[in-house]
There are 2 protein chains.
Amino acid sequence: MRTSRDIRTANRYGVLRQIIASSPTSRQELAAATGLSLATVATLVGELLDLGMITEVGFEESAGGRPRDLVAVHASGGALVGVDIAETYVHVELFDLALNVLARAEEDVRPGENRPERLVGHVAAAVGSVVAQAGSGAARVLGVGVSMPGQVDRGTGVSEYAPNWDHWHDVPLRDLLAEHIAYPLHLDNPLRACAVAELWFGAARGRTDAVVVNLGTGVGAGLVLGGGVHRGVSNSAGEWGHTTLVLDGRPCHCGNHGCVETYVGAPGIMRHLRELSPGSALLHPDDQTATVNALARGVAAGDPVAVQVVRDTARYLAAGIADLVNLLNPEVVVLSSWVAATLGEPLLAGVREAVARHALRRPLTATEIVLSPIPTDPVCLGAATFALEGALGSAGQRTAAVRRPGAPARSRTAPPE
Amino acid sequence: MRTSRDIRTANRYGVLRQIIASSPTSRQELAAATGLSLATVATLVGELLDLGMITEVGFEESAGGRPRDLVAVHASGGALVGVDIAETYVHVELFDLALNVLARAEEDVRPGENRPERLVGHVAAAVGSVVAQAGSGAARVLGVGVSMPGQVDRGTGVSEYAPNWDHWHDVPLRDLLAEHIAYPLHLDNPLRACAVAELWFGAARGRTDAVVVNLGTGVGAGLVLGGGVHRGVSNSAGEWGHTTLVLDGRPCHCGNHGCVETYVGAPGIMRHLRELSPGSALLHPDDQTATVNALARGVAAGDPVAVQVVRDTARYLAAGIADLVNLLNPEVVVLSSWVAATLGEPLLAGVREAVARHALRRPLTATEIVLSPIPTDPVCLGAATFALEGALGSAGQRTAAVRRPGAPARSRTAPPE
Ligand SMILES: [Zn+2]
Ligand SMILES: [Zn+2]
């Protein structure tokens, strides 16, 4: 069962999320937007004020009542770092508390460099770079969120395996990073990063049930269920890329056959292009990004091979998305990550049309399918949000423990719900 | 977001569930088992005592402390009716509050009789029969839960469609039943009924994330996520039977091709038997139950055709269950309904072996696959549990509103969490 502490943390997330989205805002507006009681909102706002994450910014007249105090996110009240580890690069961004990007760094990971010590060196260098860019006048770094592909144990900080690095098994990644990085570290995988990014700042905000479909080299689904991220019993939920689309179909590196990923991941799309038109100029062997870019340009130019490949990809994708719609009955399905961003509207149109042929009427009617509205790297943003959630999750204890001596306790008008 | 009222209702469910499972028990044991604070448990126990659903039954010595008061479910404090509407029959059972069956009735639904008015007549007759069997000395009926196949709108009580009755669309089933049945009515579908039955009384009790796979004529999955039933935004989650197992495979009545249901539903199993051995004596055309019974006997006797059909069915089923394991990362997958009960251990063994070949290592390791331990009709039991949940859901308001004049208010040691 969810404990009262889980609920309090979830509600603290919800109130801050709403303040970030609608600063400046009043406690009354927050209560209306979150469904929480005014008393609970007042308590949570008090905690966020104590933490310096939000500030009082004056008041507004209200119709026929007392003027309402306004609060806003205190953008310079702290900094958050998001780390996106991928097969070929490490992206790092530093954010203020309004989740604006203040600094960026990138390191290439060349083939063969993906040994744990080398990778940790790249991450540490990039984190050092963004902190240095932000300068000595910058806000205190509250934490560093790290997105690592594959299965991650959040409790122990161990990266169990990385899908495209054969020799990578049970790496104590958080401990290795902690030797170089002094800030609190929060590990999870890109599915979770994209899900929290959409939940806090994107198309899943305010939704109870949402699915964030990640289309890149690997493929998966971040699940938002009951208003929070669904992780499963061992934090490995969301492996939609390894659900069966074609029984006994294409072999997959996971050992199964016919997985969704083998059809709609970037290598699967390249394979389809190669089979359809072996000598195509669209095909850049060994360069997924260049090939998907070429397909996007080809569709725009009306190239029939490109149109066919994107249409067929949309159809495979739609069969897999219809499974998610029928099984989970979400309010929204968000297409995220670089393949979705690159193929864009033509892919979306094909998916919408084909999902309508595969899904049941009632869940279909309840679901929107959209492209991610997040303009920057959603994995970095989501990873930084892990750090923000981490800072908030421990906030309850901290506000109680470290209140300045002599400072008046904020009136607690209600116990946190 | 979940409101404080949702949480209070969920916690009330959790405490009563634990009392039913472990009567007699103390508030201290309940707090330990549910993870709630002792103060919250005391409040919820007070509400359940006020409602007459539980009673004080003495005390036990505790090690070195004050004796602890014990409470137990008050079995005769009310009665619940569960209705299982299926393609060919209506089963109705009347339960006491410990969910013991006190009376049963069954009506056959002959082909052509499944018009709404005829069906409602069958249900009303069977409900009347179980109430009459229980007699005039019986406890007050707190509610009637009804499981109706297909998509059900719980808010309006409309049955949107029934998968095997072509002419059945948007039937206001609850309103039609209310013309004959005076008790509070609670409608939902068999996927949800089997899920709540396992959550309250079966293999999902005490689990946070569980999947109840329903194997009958139709096929689906009841989802328990985050400790409660996941219904989705329009109460149509769980349609695993209509997720794609074989792209462009067997046509399905839902309009899609290659759905899980077309391979592992009873008609799909019969089709496989017919294709494998057209003249098989195991095959009883137009009788699913007789055919599945014959297959079970055939496996026990070592009949190679029966062994082959069950092995292949297990393999199809395993590919679909591996999808659920990879996507949702549950603690337990429960095989429920009559096909699972009839084929039993040989089916389970085949499924376990094949899921291990299809699923990813980390979620696989975290998942048990079991047969439902519920010995009676799980759909009737689950439907009666809808009625129990309905009675509890409205209990908060009622205890506040109808406390007997002059009766002392119970001390509320804490606000409900
Ligand atoms: Zn796979
Ligand atoms: Zn279907």
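Colleague: In this predicted model, is A:Cys380 buried or exposed?
Modeller: The cut-off for buried is under 20% relative accessible area. A:Cys380 has a relative accessible area of 0%. That falls under the cut-off, so A:Cys380 is buried.

Colleague: How many disulfides does the structure hold over all chains?
Modeller: A disulfide needs two cysteine sulfur atoms within 2.5 Å. For A:Cys380, the nearest cysteine sulfur belongs to A:Cys194 and is 10 Å away. For B:Cys194, the nearest is that of B:Cys380, also 10 Å away. Over all chains, the number of disulfides is 0.

Colleague: Is B:Cys194 buried or exposed?
Modeller: B:Cys194 is in no disulfide. Its relative accessibility is 1%. The cut-off for buried is under 20%, so B:Cys194 counts as buried.

Colleague: Which residues of chain A are the protein donors of the zinc ion (ligand 1)?
Modeller: Look for donor atoms lying 2.1 to 2.3 Å from the zinc ion (ligand 1). One is an ND1 atom, and the others are SG atoms. Along the chain, the donors follow the spacing H-x9-C-x1-C-x4-C. They are A:His242, A:Cys252, A:Cys254 and A:Cys259.

Colleague: What is the arrangement of the 4 donor atoms around the zinc ion (ligand 1)?
Modeller: Four donors count as tetrahedral if all angles lie between 85 and 135 degrees. The ideal tetrahedral angle is 109.5 degrees. Here the angles run from 101 to 121 degrees, so the arrangement is tetrahedral.

Colleague: Is A:Cys259 buried or exposed?
Modeller: Take two donors of the zinc ion (ligand 1), A:Cys254 and A:Cys259. A:Cys254 has a relative accessible area of 24%, so it is partly exposed. A:Cys259 has 0%, so A:Cys259 is buried.

Colleague: Which residues of chain B coordinate the zinc ion (ligand 2)?
Modeller: The distances are 2.0 to 2.3 Å. In sequence, the donor residues are spaced H-x9-C-x1-C-x4-C. The 4 donor atoms subtend angles of 102 to 121 degrees, so this site is tetrahedral. The residues are B:His242, B:Cys252, B:Cys254 and B:Cys259.

Colleague: How many residues apart are B:His242 and B:Cys254?
Modeller: Both are donors of the zinc ion (ligand 2). Both lie in the loop between strand S14 and helix H7 of chain B. Along the chain, B:His242 and B:Cys254 are 12 residues apart.

Colleague: Is B:His242 buried or exposed?
Modeller: B:Cys254 has a relative accessibility of 24%, so it counts as partly exposed. B:His242 has 3%. Because that is under 20%, B:His242 counts as buried.

Colleague: What distance does helix H10 of chain A reach from its first C-alpha to its last?
Modeller: H10 covers residues 304–328, which is 25 residues. At 1.5 Å a residue, 36 Å is expected. The helix comes close to that, at 35 Å.

Colleague: How many of the residues of H10(A) are buried?
Modeller: The helix has 25 residues. H10(A) is mostly covered. The buried number is 19.

Colleague: At the start of H10(A), which residue's side-chain oxygen reaches the backbone nitrogen of A:Val305?
Modeller: The helix starts at residue 304. The side-chain oxygen comes to within 2.8 Å of that nitrogen. It belongs to A:Asp303.

Colleague: What separates the C-alpha atoms of A:Val332 and A:Ile369?
Modeller: A:Val332 sits in strand S15 of chain A. A:Val332 is buried, with a relative accessible area of 1%. Its contacts include A:Ala203, A:Thr367 and A:Val370. A:Val332 and A:Ile369 are 37 residues apart along the chain, yet their C-alpha atoms are separated by 5.8 Å.

Colleague: Which residue does a cis peptide bond join to A:Pro24?
Modeller: Most peptide bonds are trans. A:Pro24 is in the loop between helix H1 and strand S1 of chain A. Omega of its cis bond is about -10 degrees, and the partner is A:Ser23.

Colleague: What is the phi of A:Asp286?
Modeller: Most residues other than glycine have a negative phi. A:Asp286 lies in the loop between helix H8 and helix H9 of chain A. A:Asp286 is exposed, with a relative accessible area of 81%. Its phi is positive, near 65 degrees.

Colleague: Where is B:Ser337?
Modeller: B:Ser337 is not a glycine, but it has a positive phi of about 85 degrees. Its place is in chain B, in the loop between strand S15 and helix H11.

Conventions:
Residues numbered from 1 in each chain as written. Chains lettered and ligands numbered in written order. Predicted model: local features only at pLDDT ≥ 70, side-chain atom pairs only at ≥ 80, totals over all residues. Heavy atoms only, no water. Helix = DSSP H or I, 4+ residues; strand = E, 2+ residues; numbered from the N terminus. Expected span 1.5 Å × (residues − 1). Buried < 20%, exposed > 50% of the residue type's maximum accessible area, 1.4 Å probe, protein only. Polar contact = N/O pair within 3.5 Å; in protein donor to acceptor, adjacent residues only side chain to side chain. Donors = N, O, S within 2.8 Å, 3.2 Å for Na, K, Ca; no water. Tetrahedral: all angles 85-135°; square planar, octahedral: opposite > 155°, others 65-115°. Contact = heavy atoms within 4.5 Å. Lists of a residue's contacts leave out its neighbours within four places in sequence.
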